[in-house]
Amino acid sequence: MSPATHTHHPELTKHQTLVLSALSREESPASAYTLLAHLQAEGLRAPQQVYRALDKLIEYGLVHRVETMNSFVACAHPHEHQHGLVVFAICDQCGHVDEFSDSAIEKRLKGWSKDNSFRMSAATVELHGQCLRCDGVAAAATDAPAAPVPAVAKPARRARKAPAAELP
Ligand SMILES: [Zn+2]
Ligand SMILES: [Zn+2]
């Protein structure tokens, strides 16, 4: 995704634009402090300036928070989905994150919420494991363990963000 995609956004302030383009250049999720370090030359001085910009960008759906990494990513497709459900597949080895949505999972979560009179405002599922590239490297190594650690779906820490995902 090119940072230029968002420069037309009328509500983006200078700081928000800077934070979004810095985040878009990152290979993996970045913490607010990493962003601040990259943006100090641009005039951002305090973590609060970065956090304020991130809060707005999250609100606009341009940035997501990856809870289990305490970090942030630029949305992979900000104009293509409504963020009812966001799924992150996170490689624990290289930090690469794939973002996708899944209407079947979303439907189940919405069904559960409706049945339990729960008003769901957000749903994030974070999968941890190894990406194809890192898995390939491990398999190629002669001393690689015979059985790679299976990818485990970790529930988000706060239940309100991932209500009882009983996935098949
Ligand atoms: Zn997104
Ligand atoms: Zn990887």
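Okay, one definition before I start: two strands pair if DSSP finds at least two bridges between them. With that in hand, let's look at β1 and β2. This is a predicted model, by the way, so keep that in mind throughout.

So, β1 and β2 pair in the antiparallel sense, and there are 4 bridges between them. One place to look is V63, which sits opposite A74 in β2. The two strands make a hairpin with 4 residues in between, and in that turn N70 has a positive phi, about 50°.

Now stay on β2 for a second. Which way do its side chains point, S71, F72, V73 and A74? Well, S71 and V73 go one way, F72 and A74 go the other way, and all of them are buried.

Next, α1, residues 14-25. It has 12 residues and reaches 17 Å from first C-alpha to last, close to the 16 Å you'd expect at 1.5 Å a residue. Its buried residues are Q16, L18, V19, L20, A22 and L23. And what covers them? The cover includes two helices, α2 (32-39) and α3 (47-59), plus our hairpin strands, β1 (63-66) and β2 (71-74).

Let me pick out L23. If you skip neighbours within four places in sequence, L23 is in contact with A30, L35, V63, F72, V73 and A74. You'll recognise F72, V73 and A74 from the β2 story, and V63 and A74 as the residues standing opposite each other.

That takes us to the core. The largest nonpolar core has 28 residues, and the ones touching the most other members are V19, L23 and V63. At least two residues of this core come from each of α1, α2, α3, β1, β2 and β3 (86-91). The biggest giver is α1, with 5 residues. And the core draws on both domain 1 (3-74) and domain 2 (86-161), at least three residues from each.

Last thing, confidence. The mean pLDDT of the protein is 82, with 75% of residues at 70 or more. Where is confidence highest, and where is it lowest? Highest in β2, at a mean of 96, and lowest in strand β6, residues 152-154, at 53. Then the ends: residues 1-8 stay under 50, and the model gives them 10 contacts beyond four places in sequence. Residues 155-164 are also below 50, with 21 contacts beyond near neighbours in sequence. Where pLDDT is low, the predicted coordinates shouldn't be read in detail, so I'd leave those contacts alone.

Definitions and conventions:
Residues numbered from 1 in each chain as written. Chains lettered and ligands numbered in written order. Predicted model: local features only at pLDDT ≥ 70, side-chain atom pairs only at ≥ 80, totals over all residues. Expected span 1.5 Å × (residues − 1). Buried ≥ 20, exposed ≤ 12 C-beta atoms within 10 Å, placed from the backbone. Contact = placed C-beta atoms within 7 Å. Core = buried A, V, L, I, M, F, W, Y, C linked by C-beta atoms within 7 Å. Domains from an automatic or database assignment. pLDDT = per-residue confidence, 0-100.
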